[in-house]
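Here is a short tour for a newcomer. Keep the sequence and the 3D view open while you read.

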Amino acid sequence: LRDGNVLLPNCEIDINGGEVAEYPIEELKKYIYFAFKSGSPIGILSSGVKYSSVVADALSLADTKLMISVDSGTKKTYEKIKRVKAFNRVWHNLKKYIKAANKNQNSKVTIKYIIIPGINDNIEEVRAFIEKCKSVRCKHIAISIEMNYKKNNYNDKAIGKLKDTILYFNKCKNIYTDIEFQYTPETNEWFLKQFT
């Protein structure tokens with residue numbers, strides 16, 4: 001792509017096919033080095049289950065945005081959603097990634113919470129999630145809604161626990177002023193409809 005002059009200067013290069021921490025180290029280094037040499041911001045999606053020193057290096061040295069979707073504040077809910085026993089490990093890895101990102105003003109780590117109706121749509125879970133985010137000094141939280149729910153209920157207003165959860169997240173923007181709360185681009189319009 002570069003040799004064919006297809007890439008625009010400074011275009012964002014996203015590395016998110018599967019779990020990036022599982023890539024062979026030299027392959028991951030090659031992608032990050034390519035982006036760095038191209039002057040391109042790097043976007044990385046990860047589960048956070050496995051720590052990658054290469055990702056940490058990218059956060060500390062290059063313009064890198066890492067997003068990890070935890071979707072829970074408690075071990076029980078995490079294991080129900082993710083079906084893997086890695087809750088404490090993920091938060092430990094997040095703490096290390098955030099520390100690396102703090103060395104570079106252009107990098108950031110975003111912790112994502114996908115609301116799954118009937119599973120993690122309650123204020124207690126959200127409060128526990130925010131407390132975990134604070135414990136690792138997270139400055140960026142992205143809020144999303146499970147995509148099939150959004151698709152099947154696009155024109156509906158949220159009710160019950162789901163509505164309470166959405167309103168609570170919205171209220172958190174004013175409570176936790178040191179944390180940036182944002183809706184993911186693909187769900188922003190749906191969330192904004194909930195407040196009209």
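The report below covers strands, core, a loop residue and aromatic pairs.

The model is predicted.

**Strands**

Start with strand 2 (residues 42–46) and strand 3 (residues 64–69). These two run parallel and are joined by five bridges. One of the partnerships links Ser46 to Ile68 in strand 3. Helix 2 (residues 53–61) completes a β-α-β unit with strand 2 and strand 3, and the unit is right-handed.

Strand 3 also pairs with strand 4 (residues 108–115), again in the parallel sense, over five bridges. Here Leu66 has Val109 of strand 4 as its bridge partner.

**Core**

In soluble globular proteins, nonpolar side chains tend to be buried together. The largest nonpolar core in this model has 54 residues. Ile111, Phe129 and Ile130 have the most contacts inside that core. Helix 4 (residues 87–101) gives the most to the core, with eight residues.

What does Ile111 touch, leaving aside its neighbours within four places in sequence? Its contacts include Ile68, Val70, Trp91, Leu94, Ile98 and Phe129. Cys133, Val136, Cys138, His140, Ile141 and Ala142 are also among them.

**A loop residue**

Asn122 sits in the loop between strand 4 and helix 5 (123–135). Is Asn122 buried or exposed? Its relative accessibility is 16%, so Asn122 counts as buried. A polar atom of the Asn122 side chain lies 2.8 Å from the backbone nitrogen of Glu125.

**Aromatic pairs**

The whole structure holds 12 aromatic pairs. Two of them are set out here, both edge-to-face.

| Pair | Centre to centre | Angle between planes |
|---|---|---|
| Tyr23 and Tyr31 | 6.2 Å | 80 degrees |
| Tyr113 and Phe169 | 5.2 Å | 65 degrees |

Tyr23 counts as buried, because its relative accessibility is 18%. Tyr31 has a relative accessible area of 31%, so Tyr31 is partly exposed.

Tyr113 and Phe169 are both buried. Which parts does this pair tie together? Tyr113 lies in strand 4, while Phe169 lies in helix 7 (residues 160–175), so the pair links parts that are 56 residues apart in sequence.

Tyr113 and Phe169 also belong to one aromatic cluster. Tyr78, Phe87, Trp91 and Phe129 are in that cluster too. Phe129 is thus a residue to find twice: it is in the cluster, and it is among those with the most contacts inside the largest nonpolar core. Trp91 and Phe129 are also contacts of Ile111.

Key:
Residues numbered from 1 in each chain as written. Predicted model: local features only at pLDDT ≥ 70, side-chain atom pairs only at ≥ 80, totals over all residues. Heavy atoms only, no water. Core = buried A, V, L, I, M, F, W, Y, C linked by side-chain atoms within 4.5 Å. Buried < 20%, exposed > 50% of the residue type's maximum accessible area, 1.4 Å probe, protein only. Helix = DSSP H or I, 4+ residues; strand = E, 2+ residues; numbered from the N terminus. Contact = heavy atoms within 4.5 Å. Pairing = 2+ DSSP bridges. Right-handed = clockwise from strand over helix to strand, strands pointing away. Polar contact = N/O pair within 3.5 Å; in protein donor to acceptor, adjacent residues only side chain to side chain. Phe/Tyr/Trp six-rings, centres within 6.5 Å; stacked < 30°, edge-to-face > 60°.
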